[in-house]
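Here are a few friendly notes to go with the structure. Please keep it open beside you as you read through the points.

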Amino acid sequence: MKHTDWLKNQLKDDNFAAQYLTQAAQDLEPAVFIAALRHVVDARGGLAKVANVGNLSKASLYKAIPHSGQGNPTAKTMFAALRASGLNLTFSAATPVQ
């Protein structure tokens, strides 16, 4: 089994997808998180389904979260894509940088 197939299968699990995105967000590089979000979207029905459920334009979603991670989604687009993928954004306390 190829790694991409394994990852796509794992990202169908809510807990795995949530942890995957959480870890990507910890990188502090926006392109890492955007690429991870695209992996989740692809695993959960693809752009067309997520765009439809999230009431988003497929073209704008593709531009906002490309495979390269070089997109620049608005908060509205990102939150809608997350919700349409069956996920919510949550926050937790972190140790402040000193």
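1. A word on terms before we start: a residue is called exposed when its relative accessible area is over 50%, and buried when that value is under 20%. Please also bear in mind that this is a predicted model.

2. With those terms in hand, have a look at α2. Asn15, Gln23 and Gln26 are exposed on one side of this helix, the other side from its buried residues. The buried residues of α2 include Ala17, Leu21 and Ala24. These three lie on the same side of α2 because the arc they cover around the axis is only 60 degrees.

3. What covers the buried residues of α2? Among the elements doing so are α3 (30-43) and α6 (75-84).

4. The length of α2 works out nicely. The helix runs over residues 14-26, and its 13 residues, at 1.5 Å a residue, should span 18 Å; the end C-alpha atoms are 18 Å apart, so the two values agree.

5. Both ends of α2 deserve a glance. At its start, a side-chain oxygen of Asp13 comes to within 3.2 Å of the backbone nitrogen of Asn15. After the helix comes Leu28, with a positive phi near 65 degrees.

6. Now turn to Leu61, which sits in helix α5 (residues 58-64). Is Leu61 buried or exposed? Its relative accessible area is 0%, so Leu61 is buried. Beyond its neighbours within four places in sequence, Leu61 is in contact with Leu47, Val50, Ala51, Leu56, Thr77 and Ala81.

7. One last distance: Leu61 and Pro73 are 12 residues apart along the chain, and 8.0 Å separates their C-alpha atoms.

Conventions
Residues numbered from 1 in each chain as written. Predicted model: local features only at pLDDT ≥ 70, side-chain atom pairs only at ≥ 80, totals over all residues. Heavy atoms only, no water. Helix = DSSP H or I, 4+ residues; strand = E, 2+ residues; numbered from the N terminus. Expected span 1.5 Å × (residues − 1). Buried < 20%, exposed > 50% of the residue type's maximum accessible area, 1.4 Å probe, protein only. Arc of directions from axis to C-beta. Contact = heavy atoms within 4.5 Å. Polar contact = N/O pair within 3.5 Å; in protein donor to acceptor, adjacent residues only side chain to side chain.
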